[in-house]
Amino acid sequence: MTAPAEGIAALPVVRKQRNPVLQSEAARGLGLISPTFIYAVIFLVIPIVLVIANSFWTQNYLTIDRTFTLENYRVALTDPIYRDLLMRSLWISLLVSFFTFVLAYPIAFFISFHGGKHKGLWLFLITIPFWTSYLLRVMSWKVILGYNGVLNATLMGLGITNGPSDAFLYNTSAVVITLTHAWATFAVLPIFVSLEKIDRSLVEAATDLGDGPLRRFLRITLPLSAPGIISATLIVMIPTVGDFVTPRLVGGKDGVMIANAIQAQFGKAANWPLGAALSVTTMAVVTAMAASVVLVIRMAARRIR
């Protein structure tokens, strides 16, 4: 051993101690979800809290009285106008959800079971109409269903009617037709994903046991695709209740929905507390209806099995 080495004492090795809490899996997971959580709080939770808070206040001309009151909810729940608009909106959303399912399920079924290697192409073709603006598609239906529109011209050309009819536009039926077309693709995709997850060996086994096409569909395909049906129903039903553009353009006075009343309260009427109360009431009713629809679909799927 050399002299300098002998005269120098061995120095202890100092290692930097890391906080075990910061290195835990919980801390790493919290770090991953924190940006998303903060984003959700800022753009989702805080606006909802503000809307709920406004619903308990009162509008006095251009000022808001922040004294707690339930008057806005009394008006929202007992006024015949708002009650009828809410019931009409729920009925329209249920009709749109049903017709969208009737339209989307066969398309998703065909692509999943008969699309072969061209499934991606089929899905691509379905989305092409939705590259255009939503307002443009609504206006297209206005042209089709109008008094001098394509539908009336076709009926007169075939000799079915003697003149144009105003029964196709500015009513509930026009709103249902337009919304069904607008949300069809959004229903096809979740149903297609659910159908793709079905084990094809189950269908083959049912065939070997003597089940026909209809029986195989009712006992295997339809029940196993229930998650996709539920997703498609919720995706379509919840937004259609709050749609105010389509009723305004093609609904007329017979197709007005609750969202139009809410928009009027926040706009021309400048009564934000009442508009907030209508919004909160609509959210609560839609949540209850969505939960009921999910339970009904699940029970129906179990009974079919």
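**A tour from the core outward**

Select I92, I191, I258 and L278: among the 49 residues of the largest nonpolar core, these touch the most other members. Such a core is a set of buried Ala, Val, Leu, Ile, Met, Phe, Trp, Tyr and Cys residues joined through side-chain atoms within 4.5 Å. Buried means under 20% relative accessible area (1.4 Å probe, protein chains only).

Now colour the helices that each supply at least two core residues: α3 (71-78), α4 (80-114), α6 (134-145), α8 (172-196), α11 (226-241), α13 (258-266) and α14 (272-304). Stay on α8, which gives the largest share, eleven residues. Helices are DSSP runs of H or I, at least four residues, and strands are runs of E, at least two, numbered from the N terminus.

This is a predicted model: local features need pLDDT of at least 70, side-chain atom pairs count only at pLDDT 80 or more, and totals for chains, interfaces and linings use all residues. Residues are numbered from 1 along each chain as its sequence is written, and side-chain values use heavy atoms, with hydrogens and water left out.

Next, zoom to I191. What does I191 touch, not counting residues up to four places away in sequence? Show F101, A104, Y105, A108, G228, I229 and A232. Contact means heavy atoms within 4.5 Å.

Zoom out to the whole chain. Count 14 helices and two strands. Of the 305 residues, 34% are buried. The C-alpha trace spans about 120 × 70 × 40 Å along its principal axes. Among contacts between residues at least 6 apart in sequence, 68% join residues at least 24 apart.

Methods:
Buried < 20%, exposed > 50% of the residue type's maximum accessible area, 1.4 Å probe, protein only.
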